[in-house]
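Please consider the following structure and the questions that accompany it.

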Amino acid sequence: MTERDDVDVIVEQWRRERAGMRPEPMAVFGRIYRLARIVGDAQEKVYAGWGIGRGEFDVLAALRRSGTPYTLAPKELTASLMLTSGGMTGRLDRLERAGLVRRAPDPADRRGLRVTLTDAGRHAVEEAAEAGLEVQRRILDALPPDDRRRLGDLLRTLLAAAETG
């Protein structure tokens, strides 16, 4: 077991101040929140090497994961990333100015657009994804492989419970 951390102190303070409160969930979710913030910030620094932030990375990654020809409609991207259309437009504007995506009329719907990953965008997102995964690997290396799998399974169960409310 590792030594006590700041989350342990917070949980103990609540126990001391509110004897009837059961603050144990804070021990789990406080650490999940802090870990997500630390890893996210580290990935943000890595992505900056390609001139993108987390939001732009997410758009590029969604296009790359979609497979050849790496093209999606803005509505598909918006739904995939759970953004507003305004938020997506801003990201697409920045990515298009950087030459990482291009927007063109949708040949199947003259009112629609298609967003396509450029060669530069594909190169950037593939390299940025590997670098971001390396950040995650370094942190996960603190756990043996069996514990990593178990943690992934436990978090999947918690996420499903949270999503079904």
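The questions below concern the nonpolar core, a helix and a loop residue.

This is a predicted model, in which local features need pLDDT of at least 70, side-chain atom pairs count only at pLDDT 80 or more, and totals for chains, interfaces and linings use all residues. Residues are numbered from 1 along each chain as its sequence is written, and side-chain values use heavy atoms, with hydrogens and water left out.

Q: Which element gives the largest share of the largest nonpolar core?
A: A nonpolar core is a set of buried Ala, Val, Leu, Ile, Met, Phe, Trp, Tyr and Cys residues joined through side-chain atoms within 4.5 Å; buried means under 20% relative accessible area with a 1.4 Å probe, protein chains only. This core has 22 residues, of which Ile52, Val59, Leu60, Leu63 and Leu77 touch the most other members. Two or more residues come from each of H3, H4, H5, E3 and H6, where helices (H or I, at least four residues) and strands (E, at least two) are DSSP runs. The largest share, 6 residues, is given by H3.

Q: How far apart are the end C-alpha atoms of H3?
A: The expected span is 1.5 Å times one less than the number of residues. For the 12 residues of H3 this should be 16 Å, and the model agrees, its end C-alpha atoms being apart by 16 Å.

Q: Is Thr118 buried or exposed?
A: Thr118 lies in the loop between E3 and H6. Its side chain has a polar atom 2.7 Å from the backbone oxygen of Gly99. Because its relative accessibility is 12%, Thr118 counts as buried.

Definitions and conventions: Buried means under 20% relative accessible area, exposed over 50%, partly exposed in between (1.4 Å probe, protein chains only). A polar contact is a pair of N or O atoms within 3.5 Å; within protein, one must be able to donate a hydrogen and the other to accept it, and residues adjacent in sequence count only if both atoms are side-chain atoms.
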